[in-house]
Amino acid sequence: MSQRHLQDDLDKLKRALVQMGETAQHAVSMAVEALREGNRAKAYQVIDEDGKLDALELEIEEMAVGLLALQQPMARDLRFITTTMKIANDLERVGDHAVNVAETVHYILEGPRFPTLPEIDEMARSATEMLSQSLDAFLRGDVVLAREVLRRDDRVDEIHGNNFRILLTHIMEDPRRIGVGMDLLLVSGNLERIADLATNISEDTVYLVEGRSIKHNAGRGRPSTERPAAS
Amino acid sequence: MADAIITPEGPIELEARDLSVLYGETRALKHVHLQIPDRQVVAFIGPSGCGKSTLLRCFNRMNDLIPGVKVEGEALFQGRNLYAPGVDAVDVRRRIGMVFQKPNPFPKSIRDNIVFGPRINGFQGDLDELVEHSLRQAALWDEVKDRLDSSALALSGGQQQRLCIARALAVEPEVLLMDEPASALDPIATQKIEDLIYQLRAEYTIVIVTHNMQQAARVSDYTAFLYMGEVIEYGPTNGLFTNPRVERTEAYITGRFG
C-alpha cells in the first residue's frame with residue numbers, strides 16, 4: 001500500500017476540516033456579535049456566507065468517501081475518516097444555527113425594546129468557546145479537553161431552561177413582547193444546539209482516540225432541554 | 001497485553017497450547033496459545049515469515065512432511081492432541097482438510113479429482129451423488145457439470161481452486177484450512193472463493209491464512225495477528241480492524257509497519 005499517499009490524503013482531509021471548523025466558528029461569533037450589537041450588516045454577512053460551509057461539507061464528504069474506496073483504511077485511520085465525516089456534518093449544522101440566530105437579529109431590531117439578557121450572552125460565549133475547544137480537542141486528539149466540553153454542555157442546557165422561564169415571565173408581563181420574546185427563545189435554542197453539536201464533536205474525539213463510543217451515556221445525566229418546566 | 005488474546009465463545013474446535021515449531025535451530029513459532037471456535041472463520045494475518053502458515057500447518061500435521069521440523073507443545077482438535085502418540089496423521093488430514101495457495105488439481109478428470117480421496121477411504125455410497133454434492137458445495141457444479149470427464153487442468157485458475165475445495169470437501173472433513181487460497185486468483189475468482197467461505201462457515205470450521213487484510217476483514221469472524229512467531233493479538237475481526245488493542249497490530253494494519 002502506498003503509505004505516503006494515504007498520509008498525504010489524510011493530511012489534506014484534516015486541513016479541509018480545520019478550514020471548515022474556522023469558518024463555522026467565524027459564523028457563530030459573527031452571528032453572536034450581530035445580535036449583541038444589533039448589527040444588521042453582520043447578520044446578513046453570516047447568512048450570505050453559509051454557502052461556504054455547505055460547499056466544504058460536500059468537499060470533505062467526497063474526499064472521505066474516496067479515501068474509503070481507494071485506500072481501505074484501518075484502525076485509527078478508519079476512525080479518523082468516519083469521525084471527520086460526522087464532524088463536517090455537525091459543522092454544517094452549526095452554520096445553519098448561526099444563520100438562524102442572524103435571521104432573528106432583524107426581527108428583534110424591528111420589535112419593541114427588550115431588556116438585555118445576560119443569560120443569552122453567557123450562552124453565546126459558552127457555545128462559541130465549546131465549539132472552539134471541541135475542534136482543538138479533535139485536532140490534537142485531546143480527550144481531557146473533549147471531556148471538559150461535555151461537562152460544560154450541562155451548564156448550557158441549564159441556562160437554556162432558565163431562559164425559557166425568564167422569557168415566559170416577560171411575555172406574560174407584556175403581550176407586546178410576545179414576538180421578540182419568542183425570537184429570543186429561538187436564539188437561546190439555537191445556541192443550545194450549537195453547544196450540543198460541540199458536544200457531538202467531543203464525543204467523536206473520544207471515539208477517535210479511545211476507539212469506544214461514549215454517546216447516549218445515561219450516566220452523564222443531561223437534563224431535558226426541549227421543554228423545561230416553566231415553574 | 002493479556003486481553004489482546006481473547007478466548008472465543010462457544011465450543012472450541014482447534015487449540016494451540018504452548019505450541020512451538022522449530023525448523024532446525026530456528027524457532028518459527030513461539031509458545032503460541034490460541035483457540036479456534038467451532039464453525040467460525042478465523043483468519044491469520046501478519047508479515048511474511050511471521051509463522052502464520054506454520055501455525056496453520058500444525059493443525060493437520062502438514063509440518064511432519066518438512067525435514068528437520070520439531071513441534072513442541074500441543075495442537076488440539078476437539079480436545080485431543082494431534083501430536084499424541086498413536087494419532088494417525090492421514091486420518092487427521094481427512095478430518096482437517098487443506099487448500100493451498102496455488103490450485104493443485106491432480107492431472108486427471110474433474111470427476112476423478114473428487115472421487116480420489118473418498119475411494120482411498122473406502123467410500124461405499126453413490127459416487128455420482130458425491131461428485132455433484134461436492135461440486136455444488138464448492139459452487140462449481142453449474143460450470144462443469146457437462147464436462148466432468150475432461151481434464152481438471154483445462155479449468156481456469158479460479159475453477160481449479162474451487163475444484164480443490166470440492167476435493168477437500170469430498171472426504172467430509174470437519175475443518176478446512178486455507179493457505180492463501182485466493183492469492184493467485186483474479187478479483188472475480190477471489191470474490192467467488194470468498195462467497196464460498198461465507199457459505200461453508202455454516203458447516204465447517206475454517207482457518208484462513210491471508211496476506212490480504214481486506215480479505216481477512218471481509219471473510220473472518222476472528223482474526224489473529226502474528227509477528228515473529230508469536231500471536232500478538234487475537235479477537236473478533238471487527239474490533240481488531242477498527243480498534244486494535246496492541247500498537248504493533250495498529251501499525252501493521254494501517255501500513256505503518258517497521
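## Close-up views of a predicted two-chain model

**View 1. Strand β1(B) and its partner β2(B).** Let's start with the strands: β1 (residues 12-23) and β2 (residues 26-37) of chain B run antiparallel and are joined by eight bridges. Keep in mind throughout that this is a predicted model. To find your place in the pairing, pick out Leu14(B), whose bridge partner in β2(B) is Ile36(B). At the hairpin, two residues sit between the strands, and Gly24(B) takes a positive phi near 65°.

**View 2. β1(B) also pairs with β4(B).** Here β1(B) meets strand β4 (residues 69-77) of chain B, again antiparallel, with eight bridges between them. A handy landmark is Ala16(B), which stands opposite Ala75(B) of β4(B).

**View 3. Helix α7(B), end to end.** This helix covers residues 187-200 of chain B, 14 residues in total. From first C-alpha to last, α7(B) reaches 20 Å, close to the 20 Å expected at 1.5 Å a residue.

**View 4. The two sides of α7(B).** Which residues of α7(B) are buried? They are Lys192(B), Ile193(B), Leu196(B), Ile197(B) and Leu200(B), so yes, there's a lysine in the set. Looking down the helix axis, these buried residues fall within an arc of 140°, so they line one face of α7(B). As a reminder, an α-helix has 3.6 residues a turn, so residues three or four places apart point the same way. Turned away from the buried side of α7(B) are the exposed residues Pro187(B), Ile188(B) and Asp195(B).

**View 5. What covers the buried residues of α7(B).** The cover includes three strands of chain B, namely β3 (41-45), β7 (175-179) and β8 (205-209). It also includes the helices α6 (157-170) and α8 (213-219) of chain B.

**View 6. Where chain A touches chain B.** Chain A puts 11 residues into this contact, and chain B puts in 11 residues too. On the chain A side, the elements giving two or more residues are α1 (3-37) and α3 (75-110). Of these, α3(A) gives the most, with five residues. Sorted by class, the side of chain A that touches chain B has five nonpolar, three polar and three charged residues.

**View 7. Confidence along chain A.** The average pLDDT for chain A is 90, and 92% of the residues score at least 70. Where does the pLDDT of chain A drop below 50? Look at residues 218-231 of chain A, a stretch that has 16 contacts in the model beyond near neighbours in sequence.

Definitions and conventions: Residues are numbered from 1 along each chain as its sequence is written. Chains are lettered from A and ligands numbered from 1 in the order in which they are written. This is a predicted model: local features need pLDDT of at least 70, side-chain atom pairs count only at pLDDT 80 or more; totals for chains, interfaces and linings use all residues. Two residues are in contact if their C-beta atoms, placed from the backbone, lie within 7 Å. Helices (H or I, at least four residues) and strands (E, at least two) are DSSP runs, numbered from the N terminus. Ala, Val, Leu, Ile, Met, Phe, Trp, Tyr, Cys and Pro count as nonpolar, Asp, Glu, Lys and Arg as charged, and the others, Gly among them, as polar. pLDDT is the predictor's confidence in each residue, from 0 to 100. The expected span of a helix is 1.5 Å times one less than its number of residues. A residue is buried if 20 or more other C-beta atoms lie within 10 Å of its own, exposed if 12 or fewer, and partly exposed in between; C-beta atoms are placed from the backbone. The arc is that of the directions from the helix axis to the C-beta atoms. Two strands pair if DSSP finds at least two bridges between them.
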